[in-house]
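Open the model in a viewer and follow the stops below in order. Each stop says what to select and what is there.

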Amino acid sequence: MQNLTNRAAAVDRRPMNFAERLYLPAIGKGLGITIKHLFKKKVTVSFPEEKRAFSPVFRGLHILNRDEEGRERCTACGLCAVACPAEAITMEAAERKPGEEHLYREEKYAARYEINMLRCIFCGFCEEACPKQAIYLTETFAPSHYKRSGFIYGKDDLLIPEVPTKG
Ligand code: SF4
Ligand code: SF4
């Protein structure tokens with residue numbers, strides 16, 4: 001039979017001799033490999049104490065941004081949800097009421113905004129689709145959870161905290 005690659009090795013089926021049956025040469029060979037690796041440069045990092053540098057194009061956990069006056073930028077237009085190939089974004093729009101101009105920049109805002117991080121593939125299409133620069137992908141991982149519900153990120157998790165005003 002013709003080999004598909006040149007990596008095929010012939011199997012040695014001869015009966016083992018006395019030295020081989022002692023397994024000492026094989027154990028010595030294995031220890032030699034282990035000792036050789038002790039002096040090699042490590043390819044692993046001791047996460048979480050040691051962190052690997054992110055790639056410049058890394059896309060992580062989302063944030064919902066505010067404008068320079070601390071108002072929510074999102075106008076619940078739904079373009080991010082439409083652009084999302086994983087259908088991970090859901091939202092409910094609400095009308096801004098008189099007196100809420102300091103909270104929401106536009107006349108409509110997202111009363112509920114959720115991203116299912118188990119669906120998300122961190123493609124960044126939502127960020128690209130947003131006309132209000134309201135959603136960004138950061139250089140942070142989505143932390144692990146014991147329950148699936150912990151991966152549904154609502155506005156409380158996504159919205160960046162309000163900058164405290166100096167009084
Ligand atoms: S990063 Fe991609 S998959 Fe994740 S919510 Fe945005 S558009 Fe959807
Ligand atoms: S995050 Fe941007 S694209 Fe998504 S609903 Fe808000 S304003 Fe529209």
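Does cysteine 123 count as buried, partly exposed or exposed? Select cysteine 123 in this predicted model. Its place is in the loop between S3 and H4. It has 15 C-beta neighbours inside 10 Å, so cysteine 123 counts as partly exposed, given that burial needs 20 or more and exposure 12 or fewer.

**Ligand 1**

Next, select ligand 1 and the residues around it. The shell numbers 13 residues, of which Cys84, Cys120, Cys123, Phe125 and Cys126 come nearest. By class, 12 of the shell are nonpolar and one is polar, with no charged residues.

Now colour the positions that carry an annotation. An unreviewed UniProt entry places the feature "binding site" at Cys84, Cys120, Cys123 and Cys126. These positions are spread over 43 residues of sequence, yet they cluster in space, with a largest C-alpha distance of 10.4 Å.

Pick cysteine 120 from that set. It lies in the loop between S3 and helix H4 (125-129). Cysteine 120 counts as buried because it has 22 C-beta neighbours inside 10 Å. Leaving aside neighbours within four places in sequence, show its contacts: Ala86, Ala88 and Ile115.

**Ligand 2**

Move to ligand 2. Here 14 residues form the surroundings, and Cys74, Cys77, Leu79, Cys80 and Cys130 come nearest. The shell has 11 nonpolar, two polar and one charged residues.

The "binding site" annotation in UniProt (unreviewed entry) also covers Cys74, Cys77, Cys80 and Cys130. Their spread along the sequence is 57 residues, but they cluster in space: the largest C-alpha distance is 10.4 Å.

Which residues is cysteine 74 in contact with, leaving aside its neighbours within four places in sequence? Select cysteine 74, in the loop between S1 and H3, and display Leu64, Tyr109, Ala110, Tyr113, Lys132 and Ala134, which are its contacts on that basis. With 26 C-beta neighbours inside 10 Å, cysteine 74 counts as buried.

Then select cysteine 80, which lies in helix H3. Cysteine 80 is buried, with 26 other C-beta atoms within 10 Å. Beyond four places in sequence, it is in contact with Ile89, Cys126, Ala129, Cys130 and Ile135. Among these contacts, Cys126 is one of the residues that come nearest to ligand 1, while Cys130 is one of those that come nearest to ligand 2.

**The core**

Show the largest nonpolar core. It has 17 residues, and Cys74, Cys80, Ile89, Cys126 and Ile135 touch the most other members. Strand S3 (residues 108-116) gives the most to this core, with four residues. In soluble globular proteins, nonpolar side chains tend to be buried together.

**Glutamate 69**

Select glutamate 69, in the loop between strand S1 (62-64) and helix H3 (79-83). Only 10 other C-beta atoms lie within 10 Å of glutamate 69, so it is exposed. Add arginine 105 to the selection: the two residues are 36 apart in sequence and 8.9 Å apart in space, C-alpha to C-alpha.

**Helix H2**

Finish at helix H2 (residues 24-38). How many of its 15 residues are buried? The number is zero, so H2 lies largely in the open. Check its length by selecting the end C-alpha atoms. They are 21 Å apart, which agrees with the 21 Å that 15 residues should span at 1.5 Å a residue.

Conventions. Residues numbered from 1 in each chain as written. Chains lettered and ligands numbered in written order. Predicted model: local features only at pLDDT ≥ 70, side-chain atom pairs only at ≥ 80, totals over all residues. Near = placed C-beta within 6 Å. Nonpolar A, V, L, I, M, F, W, Y, C, P; charged D, E, K, R; others polar. Core = buried A, V, L, I, M, F, W, Y, C linked by C-beta atoms within 7 Å. Helix = DSSP H or I, 4+ residues; strand = E, 2+ residues; numbered from the N terminus. Expected span 1.5 Å × (residues − 1). UniProt positions renumbered as here; feature names shortened; annotations may be inferred. Contact = placed C-beta atoms within 7 Å.
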